[in-house]
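Visitor: Hey, I've got a protein open on my screen and no clue where to start. Could you walk me through it?
Guide: Sure, let's bring it up together.

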Amino acid sequence: MSKRLTTTAGAPMPTNETSATAGARGPVLLEDYQLIEKLAHQNRERIPERVVHAKGWGAKGTFTVTHDISRYTSAAIFSKVGNTCDILSRWSTVAGEQGAADAERDVRGFSVKFYTEEGNWDVVGNNTPIFFIRDAYKFPDFIRTQKRHPQTNLRSPEAMFDFWAAQPESVHQVTILMSDRGIPQNPMHMHGYGSHTYSMFNDKGERHWVKFHFRCQQPIRNYTNEQAEEIIGKTRESYQEDLFNAIEEGNFPKWELNIQVMAEEDAETCGFNPFDLTKVWPHAAFPLIPVGMLEFNENPENYFQYVENAAYSPSNKIPGIGFSPDKMLQGRIFAYADAHRYRLGTHYEQLPANRAKSETHFYHKDGSMRFFPQKTGHPDAYYEPNQYEEAARPDPSVAEPPLRISGDADRYVQEDKDADYVQPRALYAEVLGDDERARLHLNMARAMSPCSTSVKERWYAVLGRVHPDYEAGVRKAAEDLKSGNIDTYPGIPVTGDTPVRAAE
Ligand code: NDP
């Protein structure tokens with residue numbers, strides 16, 4: 001038997017067919033609250049889309065600890081091999097709006113919410129280990145260059161390359177973006193990175209700096225521009241289709257969580273700034289240490305509730321895991337939670353996607369969406385400190401060890417200007433093969449082709465400082481594009497598979 005249709009207040013409804021009118025041909029009655037409620041709800045079906053990462057795809061799953069890292073962290077989830085917790089991930093493009101095509105050239109967001117027994121731990125990263133800028137101060141300007149021009153309402157390559165040329169620290173990330181990995185085939189075929197430097201501390205109060213890597217257990221697969229254009233011509237929702245169908249069919253995607261670890265005191269002598277988000281930690285010096293496996297095995301029953309409402313923030317950490325002086329991380333700790341307060345509402349952490357699965361006790365009080373009972377542990381305890389024994393109290397045992405900081409407060413710039421070119425040079429000259437370099441040249445030349453000569457020349461100068469072959473290759477690809485002589489450029493082999501390395 002079907003269920004009885006009710007109003008949202010629970011009263012059974014006699015019909016869901018017609019408005020109430022005065023006579024069969026008469027006007028609609030204002031008292032037809034069913035109609036008014038239906039139209040009013042439709043008007044409110046959208047919330048502001050995210051300013052960045054608006055288009056996304058999500059899945060639920062399980063995280064299982066496979067290796068003991070309790071020497072680095074006191075986090076309860078890592079206390080024992082075999083521990084598990086539920087996870088919710090959202091993958092996304094950065095620049096496109098909610099209706100943008102999935103298979104566009106862009107960085108992908110890679111966020112994981114771990115619902116641990118000591119609260120939610122969010123790793124809010126990307127499919128790249130680094131970012132375009134190292135200081136959150138520049139983030140609003142950077143994102144503006146990725147979005148629409150105020151007059152034309154079009155994306156502007158001129159703005160993008162103008163900004164990048166003035167900000168050579170970006171060349172590392174732009175190189176990855178223009179390489180094969182700039183268009184993954186879908187979220188299941190790319191690595192994820194926490195990108196920022198975080199920290200872990202153990203029971204003895206020892207701190208280590210840490211990078212998080214999600215190593216894809218499926219082959220890495222990418223599209224060329226031409227392949228992506230063909231896909232987008234057929235469907236704008238290719239990622240949603242691929243991910244949803246894979247999970248429905250029982251092909252559960254997996255990633256292995258790995259960490260790189262640096263002793264606290266080594267940060268001062270490290271040859272590069274380990275808190276600079278435009279730099280990786282080289283694998284040879286900081287080998288990957290396997291930690292656990294993420295498996296995504298459930299499509300959320302309601303996209304809006306679990307993917308649109310999912311609110312990730314690097315501010316969500318658990319005892320045993322801490323921040324670092326990474327300037328971008330410091331900015332995001334504020335900005336992400338603040339974006340959610342604006343977009344979802346004051347109590348967004350109580351929505352099903354965001355609600356901790358462990359017990360929560362706090363003294364935040366009223367405001368929009370105050371639909372949950374008092375969480376303080378005692379009805380008279382609506383402030384703290386208070387006299388009530390059962391009321392929630394802080395637990396000093398979870399305190400982080402003190403962070404020693406030296407230096408004067410100032411607005412610092414990186415003094416070693418050459419440092420920004422070292423790692424993109426290693427990627428270009430040592431990691432990429434000949435075919436990958438040729439595709440990188442062509443992708444870059446295409447992307448910058450609408451730019452003015454002055455912007456192009458400034459960007460060529462940046463590429464030349466990375467490697468003379470890089471500048472020469474992109475200049476030649478620009479000429480080849482102009483003369484239509486691009487048939488000799490290699491495509492990506494059918495699957496685009498590259499082997500996935502095992503951790504050390
Ligand atoms: P390694 O030779 O040990 O590793 C190279 C890394 O580059 C691998 O993780 C590889 O992924 C990844 N890679 C391959 N092609 C691309 C691409 N087009 N875009 C982004 N990453 C790619 O090198 P090092 O650790 O010594 O670092 C050398 C350079 O490699 C760095 O300067 C950086 O540009 C890049 N890199 C380094 C990473 C790190 O955390 N150390 C992470 C990612 C990139 P895979 O494992 O799938 O082969």
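**Spaces, domains and helices**

Guide: Let's start inside: the largest cavity holds about 60 Å³ of space. Keep in mind that this is a predicted model.

Visitor: How many cavities of 30 Å³ or more does the structure hold?
Guide: There is 1 cavity of 30 Å³ or more.

Visitor: And which residues line the largest cavity?
Guide: Its lining is made of Phe362, Tyr363, His364, Lys365, Arg370, Gln374, Lys375, Thr376 and Tyr382. By class, that lining splits into 3 nonpolar, 3 polar and 3 charged residues.

Visitor: OK, new topic. How is the protein divided into domains?
Guide: The division gives domain 1 (1-45), domain 2 (56-357), domain 3 (361-393) and domain 4 (419-483).

Visitor: How far apart are the C-alpha centres of domain 2 and domain 4?
Guide: Those two centres lie 26 Å apart. Domain 2 and domain 4 are in contact, with 27 residues of domain 2 meeting 24 residues of domain 4.

Visitor: What about pockets? How much space lies in the largest one?
Guide: The largest pocket has about 2000 Å³ of space. It is lined by 46 residues, and the closest to its centre are Asn273, Phe275, Pro325, Lys327 and Tyr412.

Visitor: Where does the largest pocket lie relative to the domains?
Guide: It lies between domain 2 and domain 4, because both of them give residues to its lining.

Visitor: Which helices supply at least two residues each to that lining?
Guide: Helix 8 (327-343) and helix 9 (419-431) do. Helix 9 gives the largest share, 4 residues.

Visitor: How does the lining of the largest pocket break down by class?
Guide: You'll find 19 nonpolar, 9 polar and 18 charged residues there.

Visitor: Let's stay with helix 9. At what angle does helix 9 pack with helix 10?
Guide: Helix 9 and helix 10 (residues 434-448) pack at about 130°, and their axes are 9 Å apart. That angle is why helix 9 counts as oblique to helix 10.

Visitor: Which residues meet there?
Guide: From helix 9 you have Tyr428, Ala429 and Val431, and they meet Glu436, Arg437, Leu440 and His441 in helix 10. By class, this contact has 4 nonpolar, 1 polar and 2 charged residues.

Visitor: And how do helix 11 and helix 12 cross?
Guide: The axes of helix 11 (residues 453-466) and helix 12 (residues 468-483) cross at roughly 140° and come within 5 Å. Angles over 145 degrees would count as roughly antiparallel, so helix 11 and helix 12 are oblique to each other.

Visitor: Which residues of helix 11 and helix 12 meet?
Guide: Helix 11 brings Glu457, Tyr460, Leu463, Gly464 and Val466. Their partners in helix 12 are Pro468, Tyr470, Glu471, Val474, Arg475 and Ala478. The contact of helix 11 with helix 12 has 7 nonpolar, 1 polar and 3 charged residues.

Visitor: Last thing: what about the backbone?
Guide: Some background helps here. Most residues other than glycine have a negative phi, and most peptide bonds are trans.

Visitor: What kind of peptide bond joins glutamate 384 and proline 385?
Guide: That one is cis, with omega about 10°. Proline 385 sits in the loop between helix 8 and helix 9.

Visitor: And is phi of serine 195 positive or negative?
Guide: Positive: phi of serine 195 is near 65°, in a residue other than glycine. Look for serine 195 in the loop between strand 5 (192-193) and strand 6 (198-201).

Terms used. Residues are numbered from 1 along each chain as its sequence is written. This is a predicted model: local features need pLDDT of at least 70, side-chain atom pairs count only at pLDDT 80 or more; totals for chains, interfaces and linings use all residues. Side-chain values use heavy atoms; hydrogens and water are left out. Axes are lines fitted to C-alpha atoms, for helices over the stretch in contact, and angles run from 0 to 180 degrees between N-to-C directions. Angles under 35 degrees count as roughly parallel, over 145 as roughly antiparallel, 65 to 115 as roughly perpendicular and the rest as oblique. Contact means heavy atoms within 4.5 Å. Ala, Val, Leu, Ile, Met, Phe, Trp, Tyr, Cys and Pro count as nonpolar, Asp, Glu, Lys and Arg as charged, and the others, Gly among them, as polar. On a 1 Å grid over the protein atoms alone, a cavity is a set of points where a 1.4 Å probe fits but cannot get out, and a pocket is an open set with protein on both sides within 12 Å along at least five of seven lines; lining residues have an atom within 4 Å of a point. Grid points are joined across faces, edges and corners, and a volume is the space filled by probe spheres set on the points. Domain bounds come from an automatic or database domain assignment.
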